[in-house]
Amino acid sequence: MAFLELMNLTKKYQGKILAVDNMSLGINENEFLVLLGPSGCGKTTTMRMIAGLEEVTEGDIVLEGKSIKGLQPKNRGVSMIFQSYAVWPHMTVYQNIAYALKLRKMSKEDIKKRVQKAAEMANITEYLERSPNQLSGGQRQRVAVARALAVEPKLFLMDEPLSNLDAKLRITMRTELKKVHEELGSTTIFVTHDQSEAMSLADRIVVMNKGTIEQIGTPNEIYHNCESMFVANFIGSPPTNFIDVTIELEDKRVIAKHEAFQFNITTHIKETLKSYEGKKVVLGVRPENFTVTDEEKKLFKSKVQFMEPQGSHTIAVIGLSGQQLKIVSTKIFDVKVGQQLNIGINQKYFFFDKESGERIR
Ligand SMILES: Nc1ncnc2c1ncn2[C@@H]1O[C@H](COP(=O)(O)OP(=O)(O)OP(=O)(O)O)[C@@H](O)[C@H]1O
Ligand SMILES: [Mg+2]
């Protein structure tokens with residue numbers, strides 16, 4: 001059994017709003033797990049149930065082999081950092097960090113040691129006597145982290161803890177959180193809807209959609225081996241391009257056919273696709289898996305509609321039979337809008353079932 005098990009966890013608000021739908025998931029000790037998904041998919045609800053702030057409608061939550069479903073939040077060994085990190089303005093930083101320890105009736109001396117240690121980890125030792133409104137957003141965020149660290153929880157829950165910070169500070173804090181996690185080896189569940197944050201922090205990512213799990217995997221698995229159109233679309237910026245093609249068989253060849261191009265499928269997926277003969281499937285191609293190539297190697301010709309320079313690479317919006325595709329290239333810096341490009345495709349494409357949106361394997 002994993003360190004934390006969510007077993008068929010379900011939450012219905014007011015008996016009708018299904019926020020989390022029969023979710024099962026195991027989290028290993030020391031793991032940094034990220035819940036990622038669009039707004040309203042049930043991330044916060046899941047976290048609140050684990051923390052004990054929201055009643056579980058059905059299912060169970062098991063920590064180190066014991067159900068914690070019936071326990072008071074303070075007895076669960078779980079610490080939560082919220083989106084609005086809510087440090088208490090009327091207390092000094094020291095008092096903020098010490099508060100939960102006082103509630104536990106720890107001795108003054110032990111509290112002092114714990115506060116010092118947590119403040120060091122969060123890099124705020126010099127601000128302990130200040131009031132939070134004399135701190136910057138990033139420093140306040142660190143107070144929230146120190147406060148959670150001080151109780152030495154078995155499990156850390158962080159619900160979009162960086163969302164109030166500006167872009168640059170988010171990235172700095174991200175690195176700091178990762179460092180703290182590596183030093184402590186604490187088991188952490190982190191919520192975000194920022195996929196770049198998810199990719200850089202997670203041991204494993206749980207992609208959620210409408211209260212259910214779409215896919216669980218390492219950042220690389222989620223990106224390179226997505227199981228559904230939802231994941232292919234949600235992960236990656238710009239997202240995966242989707243093109244409807246028809247599967248045709250000619251002699252021994254399996255062909256993906258579109259009005260503007262066709263190609264032989266040579267990867268292992270060829271065998272499975274035979275059963276789709278005459279049917280439409282969805283071809284998924286990540287922007288970087290289109291290539292700008294020469295006349296002989298091209299799959300199709302396409303006119304550039306927009307150029308979006310990004311410095312290290314360029315995103316080009318190109319047309320294909322009335323559809324827009326986004327391609328990413330590190331080579332086309334001086335291409336002009338209206339110019340024709342020869343577009344090729346490398347072997348890293350996916351096929352999806354048009355009805356279910358599931359990956360065809
Ligand atoms: N107290 C509540 N009463 C009724 N419905 C709620 C309540 N809290 C959340 N919901 C609904 O449950 C669903 C999941 O909400 P939740 O807050 O868990 O989403 P989320 O994934 O955290 O979204 P976000 O990224 O916007 O924070 C939403 O449809 C939301 O409207
Ligand atoms: Mg939320």
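**Helices α3 and α5**

Me: What makes E109, D110 and E120 of α3 count as exposed?
Reply: A residue is exposed if 12 or fewer other C-beta atoms, placed from the backbone, lie within 10 Å of its own; it is buried at 20 or more and partly exposed in between. E109, D110 and E120 are exposed, on the face of α3 turned away from its buried side. The model is predicted: local features need pLDDT of at least 70, side-chain atom pairs count only at pLDDT 80 or more, and totals for chains, interfaces and linings use all residues. Residues are numbered from 1 along each chain as its sequence is written, while chains are lettered from A and ligands numbered from 1 in the order in which they are written.

Me: Why do the buried residues of α3 line one face?
Reply: I111, R114, V115, A118 and A119 are buried. Seen down the axis, they fall within an arc of 130 degrees (taken from the directions from the axis to the C-beta atoms), so they line one face of α3. These residues pack against α2 (93-103) and α4 (137-150).

Me: What span should helix α5 have?
Reply: The expected span is 1.5 Å times one less than the number of residues. For the 18 residues of α5 (residues 167-184) that gives 26 Å, and the end C-alpha atoms are 26 Å apart, which agrees.

Me: Which residues of α5 are buried, and what covers them?
Reply: R174, L177 and V180 are buried. They cover an arc of only 130 degrees around the axis, which puts them on the same side of α5. Their cover includes α3, α4 and α6 (195-201).

Conventions: Helix = DSSP H or I, 4+ residues; strand = E, 2+ residues; numbered from the N terminus. Contact = placed C-beta atoms within 7 Å.
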